[in-house]
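Work through the exercises below with the coordinates open, attempting each task before reading its solution.

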Amino acid sequence: MPRINLALQGGGAHGAFSWGVLDVLLQLPEIEIAAISGTSAGALNGAALKAGMVQGGREAARDNLDWLWERMGALSGGGFTDWLNGIGPETIARGLEYSPGYVMSDLATRFFSPYAYGPFYSHPLKPIVQALHYDQICANKGPDLFVCATNVRTGKARVFTGSEVSVDAILASACLPTVFQAVEMDDPQTGRTEAYWDGGYTGNPALWPMFRQDLPQDIVIVNINPIERDGVPKTPAQIQSRMNEISFNSALLAELRAIGFAKRLLTQGAVKQGQMKDIHVHMIADDALMNDLSAATKIVPVPSLLNRLKAAGQSAAIAFLDAHYDDLGRQSSVDLTSIYG
């Protein structure tokens, strides 16, 4: 039975792609999910999956993910996005980028701080995050769950796991600083109240928690931020979108570079086998689809696009398993040098 760790990237509404990938993996009892590291939408997906697994196994996990994304689709704003249904992904992205509602919202984030709302501030994701079952999420059974956020004061990654995973931890992991107020929590390690922003700045997702010796060698990364994008961004929206992708992939690329270096040391015999864990890296992605989308489609969850992303995730997972199932437990299925070089 292959045992894998899952690394789930953040990317707002594009996290529906990971929903589709997980839906396929959960239908394969021969694949054991030992651990999940998630950031932002990846943290939400990981928490929903673990809660379902602890509550009632794989089918309950699938149901929990369906519930989560139905709720995410309910945030679409009704009539504002109804006209986008039935339109292609690239057209949806361009339509959103130039729609008056999105343009005004984007401008507001550049000129107004989320602290300007004062007592009227509320986090739109909080009701969904609060509805998750934390007795199950924090349980000792089921896959280990790691949630990454960024400490505002130190600029370092903070990974929450076990009983540390809470409403605030997941909200912190998804806290874009231009949109949401920093999430503040008491930290028993420092003895002070720390503020946190989106984990994507320091780990999207964090891979190093899954280097533990008791966890499997295989890390399957569900990638929803394109590493490569052809052409030079020229419009303001395109430039902003590419800046977002590069910054949110930088920590992941650094970790992949470190894994590649470790693998070379092992291959060259500079480090004895067993002294350093030989990580097998795999990746499930659909860069063609993600290249048609933008930062706008991450923020505005169009119901028809969420379903398309889920279907794309299902197709990508099936294609990955058809091509690389036999690699699980044996070797990496991606050329690390081509990704980070």
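**Exercise 1: a tyrosine and its surroundings**

Classify Y201 in this predicted model as buried, partly exposed or exposed from its relative accessibility, and then describe its setting.

Solution. The relative accessibility of Y201 is 36%, and since the partly exposed class lies between 20% and 50%, Y201 counts as partly exposed. The residue sits in the loop that runs between strand 6 (192–198) and strand 7 (218–222). Together with V152 and W197, Y201 forms a nonpolar surface patch, whose accessible area is about 240 Å² in total.

**Exercise 2: a buried acid**

Determine which side chain of opposite charge is nearest to D218, and what the D218 side chain reaches instead.

Solution. D218 lies in strand 7 and is buried without a salt bridge. The nearest side chain of opposite charge is that of K277, 8.7 Å away, whereas a salt bridge requires a separation within 4 Å. The side chain of D218 does, however, reach the backbone nitrogen of G329 at 3.0 Å.

**Exercise 3: the span of a helix**

Compare the expected span of helix 12 with the distance between its end C-alpha atoms.

Solution. Helix 12 comprises 22 residues, 303–324, and at 1.5 Å a residue it should span 32 Å. The end C-alpha atoms are 31 Å apart, which agrees with that expectation. Its buried residues include L305, L309, A312, A316 and F320. In general, an α-helix has 3.6 residues a turn, so residues three or four places apart point the same way.

**Exercise 4: a glutamate in a helix**

Classify E245 by its accessibility.

Solution. E245, found in helix 9 (residues 236–268), counts as buried because its relative accessibility is 2%.

Terms used:
Residues numbered from 1 in each chain as written. Predicted model: local features only at pLDDT ≥ 70, side-chain atom pairs only at ≥ 80, totals over all residues. Heavy atoms only, no water. Helix = DSSP H or I, 4+ residues; strand = E, 2+ residues; numbered from the N terminus. Expected span 1.5 Å × (residues − 1). Buried < 20%, exposed > 50% of the residue type's maximum accessible area, 1.4 Å probe, protein only. Patch = residues over 30% accessible without salt bridge, like charges linked within 9 Å, V, L, I, M, F, W, Y side chains within 5 Å. Areas by Shrake-Rupley, 256 points an atom, 1.4 Å probe, with all protein chains shown as cover. Lys, Arg positive; Asp, Glu negative; His and termini not counted. Polar contact = N/O pair within 3.5 Å; in protein donor to acceptor, adjacent residues only side chain to side chain.
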